[in-house]
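Please examine the sequence and the model shown here. Some questions on its surface and its charged side chains are then taken up.

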Amino acid sequence: MRKLILALVALLGITLSTTAQQAPKKGEKAKTEKKADAKKAEKAPADAKKGESKAPLKKDGTPDKRFKENKEAKGPLKKDGTPDKRYKQNK
């Protein structure tokens, strides 16, 4: 009986591990990536048209966080002057 249960558990484990997540085929994107790309595409032209920021942008139009101009916190700060990550504006 013990061997039968161990065999079933092993078979179940192998089955689940092989079908857990399969990478999308070449040329396809995952559903979440499509949604994220659509949101970025909607926001990018609006930011570019306003001309508020002259800081460098990535190809998709979002600010490039490697540059100091794009790292500025827009929300509340902690006592030591660093951005408070509890607030949505600083994340």
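The questions and answers below concern salt bridges, burial and a surface patch.

This is a predicted model, in which local features need pLDDT of at least 70, side-chain atom pairs count only at pLDDT 80 or more, and totals for chains, interfaces and linings use all residues. Residues are numbered from 1 along each chain as its sequence is written, and side-chain values use heavy atoms, with hydrogens and water left out.

Q: How many salt bridges are counted?
A: A salt bridge is a side-chain nitrogen of Lys or Arg within 4 Å of a carboxyl oxygen of Asp or Glu. Asp64 pairs with Arg66 at 2.6 Å, N to O, and Arg86 pairs with Asp84, their closest N and O atoms being 2.7 Å apart. By this rule the count is 2.

Q: Is Asp84 buried or exposed?
A: Asp84 lies in the segment after α2 (31–50), helices being DSSP runs of H or I of at least four residues, numbered from the N terminus. Buried means under 20% relative accessible area, exposed over 50%, and partly exposed in between (1.4 Å probe, protein chains only). At 8% relative accessibility, Asp84 therefore counts as buried.

Q: Why does Arg66 count as exposed?
A: Arg66 shares a salt bridge with Asp64, and Asp64 counts as buried at 8% relative accessibility. Arg66 counts as exposed because its relative accessibility is 67%.

Q: Which residues is Asp84 in contact with, leaving aside its neighbours within four places in sequence?
A: Contact means heavy atoms within 4.5 Å. With those neighbours left aside, the residues in contact with Asp84 are Pro76, Leu77, Lys78 and Asn90.

How values were computed. Helix = DSSP H or I, 4+ residues; strand = E, 2+ residues; numbered from the N terminus.
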